[in-house]
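Hi everyone, thanks for coming. I'd like to take you through a structure that's probably new to most of you, so let me put it up on the screen.

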Amino acid sequence: MKTFVIWADKSQGLVNLIRQLESHNHKVVYWLGYEGSDSDAPSGTIFHSYRDAILAKPAKGVDISEFPPPSSELIQKLYKTESLIMTMLNRFMDHQSVDERRHRYYEMLGYWFGVLKKYQPEVIIFSDVPHFFYDYLLYELARLLGIKTLTFLDTRIPGRLLFFNDFWKGSEILQKELSKNKDKNFSVEDLSDDIKKYYQTFSDKNYNLTPPHIQYQKKKYSFLHRVLKSSKLTSSIKDGTIFKKSFDYILRLLESKSLLNLFLLGVDQLLGIFKFNLKKEYKSVQSAPDFSKKFVYMPLNVQPECSTSPQGDMYADQILMIETLAAALPKDWVVYVKEHPMQWLRYGKEFFSSKYEGYYRSIAKIPNIKVVPVETDSYKLINQSQAVANIAGVASWEAVLRSKPSIIFGYPWYKDCPSIFKVSDVESCRAALEKVKNGFKIDQQEVINYLKSLE
């Protein structure tokens with residue numbers, strides 16, 4: 001079976017995976033992988049560096065002269081894909097105009113359509129829900145052409161992944177299992193040890209530790225970790241050459257006059273302290289939550305990220321999501337909006353396409369919306385809310401585990417849990433909130449049945 005592997009990783013495990021695929025009659029004809037991994041590609045496999053894919057450069061050895069520009073018919077069939085990719089390009093073309101982004105998209109559309117037509121894969125394997133513009137485009141083209149796809153998604157339960165043929169529809173195997181177990185009454189003791197431990201930990205309303213994935217990201221994006229993860233720096237410290245190399249580096253900067261540029265960059269960074277930025281704008285509109293009010297807790301997702309695009313679909317525009325919820329609120333209810341604690345750490349405090357100047361001010365102007373400090377305890381907001389609303393983040397799932405009504409606008413891994421409200425407009429949102437107002441309760445039996453089915 002002719003197979004494409006879209007998996008940018010430099011581990012030996014991935015090399016072993018590709019070898020196993022080959023040994024089981026899957027001919028890997030195309031591998032989009034981590035830069036420099038081409039030496040591990042099987043004989044006859046076209047290797048495409050993911051960095052080249054980001055820059056819209058073709059794989060080496062692929063003759064693009066035989067690929068015509070995309071037709072208007074093809075473009076029209078993929079209008080939704082184009083819309084989502086315009087948002088995904090915030091990550092790589094932040095300062096480019098819409099027309100520049102669109103032309104980049106057309107170039108890649110012509111390339112990937114030509115590649116699929118020429119090499120005719122029977123299946124394409126993705127390591128994750130595709131959310132870089134090149135892999136998402138390839139994914140949607142494959143669906144259009146009837147090529148099988150396989151992709152994976154982390155469930156936040158350590159060691160547990162879901163796989164999908166179509167992440168928009170969800171896991172068909174899980175859905176069949178849910179249907180089979182619908183009327184059963186599994187107990188917590190029926191769960192496997194790892195899932196039972198996970199459930200007992202996060203369903204405890206007194207649990208308030210920072211989630212493991214946030215701890216990991218805080219470490220990963222900390223300044224100290226970014227410095228120390230440099231293998232050259234680490235080896236220089238170990239062999240004692242750090243001081244000599246630093247001195248030589250300064251001499252080279254002086255000779256090339258780069259030291260002046262470095263100084264000017266430092267001055268610019270220093271002046272940035274006084275610039276109006278995302279964090280300052282956020283603080284200018286925030287206010288402490290009043291826990292005596294009835295409220296819906298709405299934590300924002302990090303952007304750009306998979307949980308908003310593509311998993312949020314049109315609600316990658318999170319202000320649209322907030323406006324929709326606000327328009328559906330029962331009388332005297334409010335929404336407490338809180339930014340994700342990783343947003344500024346990962347992407348900085350400067351304004352950019354996803355979180356532009358005026359972004360938080362626009363949110364604060366929406367009736368019955370209150371922006372609360374990032375430091376506000378998320379678990380307290382979940383516990384004391386009437387409901388939690390989110391695109392596809394983990395907070396809505398944690399709410400369900402704590403028996404709080406949960407509303408989702410997107411397509412997270414847990415979307416098939418029966419206790420969750422999936423909304424798409426003001427009417428469906430209002431209907432969900434009306435049920436909550438009238439006393440809707442999470443049935444933990446359904447949650448346990450879901451976890452058993454997931455297992």
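Let's start at Tyr-111, which counts as buried, with 6% relative accessibility. Keep in mind as we go that this is a predicted model. Right beside it in the sequence, Trp-112 is buried too, at 0%. These two rings make an aromatic pair, edge-to-face, with 5.1 Å centre to centre and 75° between the planes. And they have company: ring pairs link Tyr-111 and Trp-112 with Phe-4, Tyr-30 and Phe-67 into a cluster.

So how many aromatic pairs does the structure hold? There are 34. Another one I like is Tyr-282 with Tyr-360, also edge-to-face, at 4.9 Å between centres and 90° between planes. Tyr-282 sits in helix 14 and Tyr-360 in helix 17, residues 359-364, so this pair ties together parts that are 78 residues apart in sequence. Both of those tyrosines are buried.

While we're on rings, a couple of them have a charge sitting on top. The charged end of Arg-91 is over the ring of Phe-132, 4.8 Å from its centre. Over at Tyr-411, Lys-422 lies over the face, 4.6 Å from the ring centre.

Okay, the core. Which residues touch the most other members of the largest nonpolar core? Out of its 83 residues, they are Trp-112, Trp-397, Tyr-450 and Leu-451. Take Tyr-450: leaving out anything up to four places away in sequence, its contacts include Leu-174, Leu-178, Trp-397, Trp-413 and Cys-417. There's also a second, separate core of 37 residues, with Leu-278, Val-296, Ile-407 and Val-423 among them.

Now, cysteines. How many disulfides do we count? Zero. For Cys-306, the nearest cysteine sulfur belongs to Cys-417, and that's 20 Å away. Cys-429 has no luck either, because its closest cysteine sulfur, again in Cys-417, is 18 Å off, too far for a bond. Both sit inside: Cys-306 is buried at 6%, and Cys-429 is buried at 0%.

Last stop, Asn-277. You'll find it in the loop between helix 13, residues 258-271, and helix 14, residues 278-285. Buried or exposed, this asparagine? Asn-277 is buried, with a relative accessible area of 7%. A polar atom of the Asn-277 side chain lies 3.2 Å from the backbone nitrogen of Lys-279.

That's my tour, thanks for listening.

Definitions and conventions:
Residues numbered from 1 in each chain as written. Predicted model: local features only at pLDDT ≥ 70, side-chain atom pairs only at ≥ 80, totals over all residues. Heavy atoms only, no water. Helix = DSSP H or I, 4+ residues; strand = E, 2+ residues; numbered from the N terminus. Buried < 20%, exposed > 50% of the residue type's maximum accessible area, 1.4 Å probe, protein only. Polar contact = N/O pair within 3.5 Å; in protein donor to acceptor, adjacent residues only side chain to side chain. Disulfide = S-S within 2.5 Å. Core = buried A, V, L, I, M, F, W, Y, C linked by side-chain atoms within 4.5 Å. Contact = heavy atoms within 4.5 Å. Phe/Tyr/Trp six-rings, centres within 6.5 Å; stacked < 30°, edge-to-face > 60°. Lys NZ or Arg CZ within 6 Å of the ring centre and 35° of its normal.
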